Amino acid sequence: MKRRIVIVLYEGFQLLDMSGPADVFAAATLLTGQDGYQVEVGAAKAGAVPAAHHGIEVVAQAALNEIHGPIDTLLVVGGPTTMTQARDPELIEQVVRLSRVARRTTSVCSGAFVLAAAGLLDGRRATTHWLLTGRLGACYPDVMVEPDAIYIRDGEVWTSAGVSAGMDLALALVADDHGHEVARQVACGLVVYLHRPGGQSQFSMPMSVIRPRSEPLRDLQAFIDANPAEDLSVPALARRAGLSERHFSRVFTEQTGLSPGRYVERSRADTARRLLEVTDHALDRVARESGLGRPETLYRVFRRHLRVSPGDYRRRFHSKET
C-alpha cells in the first residue's frame, strides 16, 4: 500500500520546496511500486496556488479542511510569505489537526515557522534556512534551533534547511522507509548528491569558497583540486604562484575566504569523499590518494567537515554498482 504524503501549500510558497521532495517521492515510487508514495497537495482552498516570484501556479487538489487521515507524512513548505502565513490561525489549526493523524510531520526551509507557530517544535531540535535560524530561535524560544544542519529528525518531526535541502530531507525519509540503497538509486537517477548527512553543514565545501579574482590563483585552486597527493604546503604553493609565502597566504585568504591550509584540507576531504563513494579502496589507500596521509588524519578531517566517520560515510553512500 502506498504511503500518503500531504504537502501543505500557501500563496507565495517556494516552488522547489514542493517540487524537489515531490520528485524524490515520485522516483522512489517508480522503484518500489505499491510500496511507494501517493502525493497530495492541499491549501486553504482547492485550486491554483501561486508560487513566489515565478508566475507559476500549482493546483491544490483539496482544501486542507477537507483532508482527513490517516496520513503517512505531512510536509509543510517554506517561502517568502511564510512569516505572514505562520500568523494565519486557520492554517495553523489545520496543520495541528493534520499532524495529529500523520505518522510524521516535516517542514522544508521556512516551513519550520509554521510548525513552530503550531507548537509542534516546542522542546524539539529543529533547523531552517541559515538566514532564518536566529529569527526562529528569537520568535520561538522553546525550539532548540540547530543553525548548521541540513536536516534534523527529533522523534517523528523532521525539519530541513533551505530550498534544495528539502531533497536531502526527502531522500532521508525514503531511506528511513525503504533503506539506503533505494535512496541511493533515487539520488543517482535525479543526479543529486547522495545524499548529504543531516548533520553536515549547510555550507558544503564548494559553496563556502569564493572563486579568486586572480587568474593565477584560480589556476592554482584547480591544481590543488586535481592533485591532492602533491606537496600542497604553503611554501610549495607560494613557489608555484610566484609569490612570497607571506604575500601568497594573505592574497589567497583574501580572495577565497579560506587560508591555503584550510582550502587544501577541504579539497582533500572532498577527494576522499568521492573515493569512498565510488571505490572499494581500503581507508589507508583513500588517505594516501587524497593527500591526507594516514587513516587517523582521514578520520579527524571527516569528523571535522562532514561530521561522520569515513567508515560510516562509506556504509551510507558507497555505490555498489562501481
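# A guided tour from Ser 267

Leaving aside neighbours within four places in sequence, Ser 267 is in contact with Ile 224 and Asp 225. The model on display is a predicted one. Select Ser 267 to begin; this residue is found in helix H11. With a relative accessibility of 9%, Ser 267 counts as buried, because the limit for a buried residue is under 20%. For a sense of distance, add Pro 295 to the selection: the two residues are 28 apart along the chain, and their C-alpha atoms are separated by 16 Å.

## Helices H8 and H11

Next, display helix H8, residues 215–226, together with helix H11, residues 260–278; their axes come within 9 Å and cross at roughly 40 degrees. H8 and H11 are therefore oblique to each other. The crossing in which H8 passes H11 is right-handed. On the H8 side, select Gln 221, Ile 224 and Asp 225, and on the H11 side Tyr 263, Val 264, Ser 267 and Thr 271, which together make the contact. Sorted by class, the contact of H8 with H11 has three nonpolar residues, three polar residues and one charged residue. Ser 267, the starting point of the tour, belongs to the H11 side of this contact.

## Helices H11 and H13

Keep H11 selected and add helix H13, residues 295–305. The axes of H11 and H13 come within 10 Å and cross at roughly 100 degrees. That angle makes H11 roughly perpendicular to H13. From H11, the contact involves Arg 262, Glu 265, Arg 266, Ala 269, Ala 272, Arg 273 and Leu 276, while H13 contributes Leu 298, Val 301, Phe 302, Arg 304 and His 305. Which classes of residue form the contact of H11 with H13? Six of its residues are nonpolar, one is polar and five are charged.

A further stop is Arg 285, placed in helix H12, residues 283–289. Is Arg 285 buried or partly exposed? Its relative accessibility is 36%, so Arg 285 counts as partly exposed. Select Arg 274 as well: Arg 285 and Arg 274 lie 11 residues apart in sequence and 13 Å apart in space, C-alpha to C-alpha.

## Helix H1 and its surroundings

Now move to helix H1, residues 15–32. Its 18 residues should span 26 Å at 1.5 Å a residue, and the end C-alpha atoms are 26 Å apart, which agrees. Colour the buried residues of H1, among them Leu 15, Met 18, Val 24, Phe 25, Ala 28 and Thr 32. Against which elements do the buried residues of H1 pack? Their partners are strands E1 (3–8), E2 (37–43), E4 (57–60) and E6 (71–76), along with helices H6 (165–178) and H7 (180–190). Just after H1 comes Gly 33, whose phi is positive, near 65 degrees.

Of these partners, add H6 to the view. The axes of H1 and H6 come within 8 Å and cross at roughly 30 degrees. H1 is thereby roughly parallel to H6. H1 passes H6 in a right-handed crossing. Where the two helices meet, select Gly 20, Pro 21, Val 24, Phe 25, Ala 28 and Thr 32 of H1, then Gly 166, Met 167, Ala 170, Leu 171, Leu 173, Val 174 and His 178 of H6. The contact of H1 with H6 consists by class of nine nonpolar and four polar residues, with no charged residues.

Helix H7, another partner of the buried residues of H1, holds Glu 181. Glu 181 has a relative accessibility of 31% and counts as partly exposed. Select Val 76 with Glu 181: the two are 105 residues apart along the chain, and their C-alpha atoms are separated by 26 Å.

## Two details of the backbone

Two loops remain to be visited. Select Gly 69 and Pro 70, which are joined by a cis peptide bond with omega about 0 degrees. Pro 70 is placed in the loop between strand E5 (62–63) and E6.

Finally, go to Cys 109, in the loop between strand E7 (102–107) and helix H4 (111–117). What is the phi of Cys 109? The value is near 55 degrees, which is positive in a residue other than glycine. Cys 109 is buried, with a relative accessible area of 8%.

Note on methods. Residues are numbered from 1 along each chain as its sequence is written. This is a predicted model: local features need pLDDT of at least 70, side-chain atom pairs count only at pLDDT 80 or more; totals for chains, interfaces and linings use all residues. Side-chain values use heavy atoms; hydrogens and water are left out. Helices (H or I, at least four residues) and strands (E, at least two) are DSSP runs, numbered from the N terminus. The expected span of a helix is 1.5 Å times one less than its number of residues. Buried means under 20% relative accessible area, exposed over 50%, partly exposed in between (1.4 Å probe, protein chains only). Contact means heavy atoms within 4.5 Å. Axes are lines fitted to C-alpha atoms, for helices over the stretch in contact, and angles run from 0 to 180 degrees between N-to-C directions. Angles under 35 degrees count as roughly parallel, over 145 as roughly antiparallel, 65 to 115 as roughly perpendicular and the rest as oblique. A crossing is left-handed if the near helix is turned anticlockwise from the far one by less than a right angle, and right-handed if clockwise. Ala, Val, Leu, Ile, Met, Phe, Trp, Tyr, Cys and Pro count as nonpolar, Asp, Glu, Lys and Arg as charged, and the others, Gly among them, as polar.
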